[in-house]
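Me: Please take a close look at a single part of this structure, and set it beside a general account of the other chain. Kindly explain each term where it first appears.

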Amino acid sequence: MKIALFIPCLSEHLYPISALSMVRVLRHLGHEVEYVEDQTCCGQPAFNSGYRKEIIPIAERFIELFRDKEIVVAPSGSCTAMVRIFYHELDIRPDLKADLDALSGRMFEFSEFLVDIAGVDRIDGRFKHSVTYHDSCHLLRELGVREQPRKLIRGLKDIEFREMEKPDTCCGFGGTFSVKLIEMSLAMVERKCRYIVESGAEYVVGADSSCLMNIAGYLKKHKQPTRVMHIADLLATSLGLTD
Amino acid sequence: MELTPLKTKKYIHKALLDPQLKAAVDKATQTSLSKRQDKVDRIPYWEDLRLKANAIKREVIENLDTYLTQFEQQARANGVHVHWAQDGEQARNIILDLARKRDVKSIVKSKSLTTEEIHLNDFLIENGIETLETDLGEYIVQLMGQIPSHLTAPALHLTRVEIGKLFQEKLGIPYSEDPDELLAVARRTLRDKFLNADMGISGVNFAIASAGSVCVIENEANARLTVGLPKIHVAVMGLEKVLPDLNALPYFLRLLPASATGQMASVYVNLIAGPSRAKYGEGPEEMHVVLLDNGRSKILADPQLRETLFCIRCGACLNVCPIYQQVGGHAYGWVYMGPIGATLIPQYLGEKEGHISPFLSSLCGACHEICPVRINLPHHLLKLRNRVVETGNSPWFWVLGIRAWAFLAKRPGLYRFATWFPGKMQQLLPRETAFPAPGYTRKRALARFDRLGFRKRFMAEDKVKG
């Protein structure tokens, strides 16, 4: 398939290696990958802060930029949900409504794309470690993606999958939430990380860099041994596609 | 204890530093959730029930005038006095007038959030009428001089030790923390009050339009005594509580107790269709229903947000909310708390007083997932955040920041520069400097910006391949 990439802000600036891993896995599976020039942000931080008017032009720009693409894939559930679900709550130009409807049916989060669209049953890779999986909220509850990433993880050779307690508990990041209610956000990530560490897994894998940044920040500061990994990095590593 | 949602951040910080509160809330919410899950797992048609309940509520709320008129007519035909109250003040005065006319000296109450909403107890007590809560949790909270911290478990934030001390101090009994013993004391005290009360005030879980009856569900039989023993029964209900007919009721009788307390059914389901009739010879001589608006018709005006009126006050969204779990209900600063409270506060009290409440959420959506009537709480919170902004109640530095960001996000070249810049700054600044939220890194290491960024790395990779 010909895939257009949407690279969210955090992936562009903080975690480009994970996005690159996604590119390599997609190419390894025989897909053609294209980066759409001039893409910026989907507008989620402003939308979640209540600023709708301000992001209408940004949403319209996004739709115009991606409307002709066959498939759009992003290494993030929350940015995908922003377009697929929340753009529909904006008063965008009427002539773009049909384009948005169509785009909503063609844009996917990475693991969702692999399992549901590309029909991948298992990735032929090997990873000799124990892994637990963190459900990111928007991927799980807005897009309904629960089993797809688990299927991909479990399918790897030599891997040991350990479900943590309450894997669908929010990590407490929530974008601007983490700076608006800092103490609450810290209390939440503290609890999430307790579940992660108690799982005994060597790695915690997730599909959203934002949650992973939050979790990794806490684990690092508290010198916990659990390592944090984006699912794209896990799959790329298992296939020997990383540098 | 006067609470306000304006101080909600202060309450949160205080609550987070209270390990006893945290332990009590955590234990209570986790127990409720696992009991609920156990029941839900035994009901294979649970999702169908939720869909049906949502459809019934939608039908009622979208035709509320029709159903309320029908309810009023039927209730009057049953001999019930029906009163309409536009706000809390009107409702309080209707009840006080009635009490004065009938020379009421003492009132027993069963659990009702609607009466909490209009601060009825304090008002009646200030006017010289003894008013006593008879639900055990409500009784404890009233003795404590507090408001409930949970929709269905009012004293959830208190430990046994605290309740033991409270009873020792207020009721003059020897200290005990044995729940059975404390319960026996409360029961003895309340039994007398029931027998001597002149008026009973209850809430309403559901009102049946076609029958003109009200339904009150409970576990302790205190509501049954409240509505049955005194000569006058006053039921206070929010306008949204009406259901079309008795056929609609069973869905809710299954959904509500399972969601609220993890019960397959409530212990008592009271259906009250008017005062005592000659052939039965028991029950109150007079029955009144106070239909309270208090901002509900304003909520009704918004086609999206009116879904928040579907709420049946089960409290499941509180139990599952990762924020409620940390701090309990008082932190929200009003009688409705948790995710549903966060949507109701700005709608009832206005965006100014409620400007923080819709932000008390990480938008994780667990509340929507658990809601027995499928209220899309995270989406409504987002819409209410927008209202806070549109009504000018967002802090100026956020407004400026977001506008500047939006200006850049439309201009890819500038955006690339503006987002490249903090990375460069970060390389120059000391490793642990977080800007603009220093607290963020108190327990979290800051992520590092990448030297190149994805776009450049991708182009480099493409070149190698080509």
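Reply: Chain B holds 21 helices and ten strands; helices (H or I, at least four residues) and strands (E, at least two) are DSSP runs, numbered from the N terminus. The model is predicted, so local features need pLDDT of at least 70 and side-chain atom pairs count only at pLDDT 80 or more, while totals for chains, interfaces and linings use all residues. Residues are numbered from 1 along each chain as its sequence is written, and chains are lettered from A and ligands numbered from 1 in the order in which they are written.

The C-alpha trace of chain B spans about 95 × 55 × 45 Å along its principal axes. Of its 466 residues, 47% are buried (20 or more other C-beta atoms within 10 Å of the residue's own, with C-beta atoms placed from the backbone). Among contacts in chain B with a separation of 6 or more, 74% join residues 24 or more positions apart; a contact requires C-beta atoms, placed from the backbone, within 7 Å.

The part for close inspection is in chain A. There, four strands form an open sheet in the order β2-β1-β3-β4, with parallel pairing (two strands pair if DSSP finds at least two bridges between them). Strands β2 (32-35) and β4 (107-109) of chain A each have a single partner strand, so one side of each lacks a neighbour in the sheet. From one strand to the next, the twist averages 35°; angles run from 0 to 180 degrees between N-to-C directions, and axes are lines fitted to C-alpha atoms, for helices over the stretch in contact.

Strand β3 (residues 71-74) of chain A pairs with β4(A) in the parallel sense over three bridges. A:Val73 has A:Phe108, in β4(A), as its bridge partner. Helix α5 (residues 77-84) of chain A packs on the sheet and touches β3 and β4 of chain A. The direction of this helix makes about 155° with that of β4(A).

How values were computed. Two residues are in contact if their C-beta atoms, placed from the backbone, lie within 7 Å. A residue is buried if 20 or more other C-beta atoms lie within 10 Å of its own, exposed if 12 or fewer, and partly exposed in between; C-beta atoms are placed from the backbone.
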